[in-house]
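Biologist: Please take a close look at the ligand site in this model. Which residues surround the ligand, and what contacts do they make?

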Amino acid sequence: MNVRPNLYIISSVAGGGKSTIIAALLKEFPDFYFSVSCTTREPRPGDVEGKTYYFLSTEEFRKRIAEGQFYEWAEVHGNYYGTPKGPIIEAIRDHRVALLDLDVQGAKSVKDLRPESVTIFIEPPSREIWIERLIRRGTDSQTSIERRIENGIRELDEAPNFDYVVVNDQLEDAIRDVKSILFGTKK
Ligand code: 5GP
């Protein structure tokens, strides 16, 4: 029997366009489940508690790690990020199409836990365009941008370990490519 995978992990570098792509998919397919992560980073303008993230103190996050409340967690750009365990297990059990927005470490952890999951790396068309987009986004401080560029250069090296790499040159094309992966029509 050919069972369609229902767990899709989307990773990218900061400013790679991943959040925009996920938002477009959720708008078009409201039945998809999006795993809302916990984080210790400061909320940015536009962030909504419980919708983009659950914002926790470092103390609370560490307590939840100790209690085994995360499906996976990682330290990214100097903050903790983690996938709450209960809701994702429930979504998998209910055979919902689940989207996870994770860094490359989280993608690897979930792929190890569930090898049938599908990993997608959203790649900027070039390093120059990516850095320009990251700066233009205007959501990060100078130090934070520098850290995200430094980490991003390492993350780009991980792209070949993903099941699919989608180049985000034109947003509409990238969304179409991710959809074709989700609906099993991408070669
Ligand atoms: P941002 O702070 O820009 O929203 O996210 C920073 C990075 O953390 C992104 O690469 C994002 O995919 C990743 N991230 C968000 N939530 C999680 C999570 O629950 N686990 C892991 N491992 N990474 C996450």
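Modeller: What follows covers the ligand, its surroundings and then one buried serine. The model is predicted.

Start with the location. The ligand sits in the largest pocket. Its shell counts 17 residues. Ser37, Arg41, Tyr53, Tyr81 and Asp101 come nearest. Two strands contribute to this shell: strand 5 (70-76) and strand 6 (79-84) each supply at least two of its residues.

Now the polar contacts. Two involve side chains. For Arg41, a side-chain N or O atom is 2.5 Å from an oxygen atom of the ligand. For Ser37, the corresponding distance from a side-chain N or O atom to a ligand oxygen is 2.7 Å. Gly82 uses its backbone instead: one of its backbone N or O atoms lies 3.3 Å from an oxygen atom of the ligand. On its own, the ligand has 510 Å² of accessible area, and the protein covers 94% of that.

Next, Ser35. This residue is in the loop between strand 2 (33-34) and strand 3 (37-39). Is Ser35 buried or exposed? Ser35 counts as buried because its relative accessibility is 3%, and the cut-off for buried is under 20%. Its neighbours come from further along the chain. Leaving out residues up to four places away in sequence, Ser35 touches Thr83, Ile88, Leu99 and Leu100.

Methods: Residues numbered from 1 in each chain as written. Predicted model: local features only at pLDDT ≥ 70, side-chain atom pairs only at ≥ 80, totals over all residues. Heavy atoms only, no water. Helix = DSSP H or I, 4+ residues; strand = E, 2+ residues; numbered from the N terminus. Buried < 20%, exposed > 50% of the residue type's maximum accessible area, 1.4 Å probe, protein only. Contact = heavy atoms within 4.5 Å. Near = heavy atom within 4 Å. Polar contact = N/O pair within 3.5 Å; in protein donor to acceptor, adjacent residues only side chain to side chain. Areas by Shrake-Rupley, 256 points an atom, 1.4 Å probe, with all protein chains shown as cover. 1 Å grid on protein atoms, 1.4 Å probe; cavity = no way out; pocket = protein on both sides within 12 Å on 5 of 7 lines; lining within 4 Å. Sits in = over half its atoms within 2 Å of the grid points.
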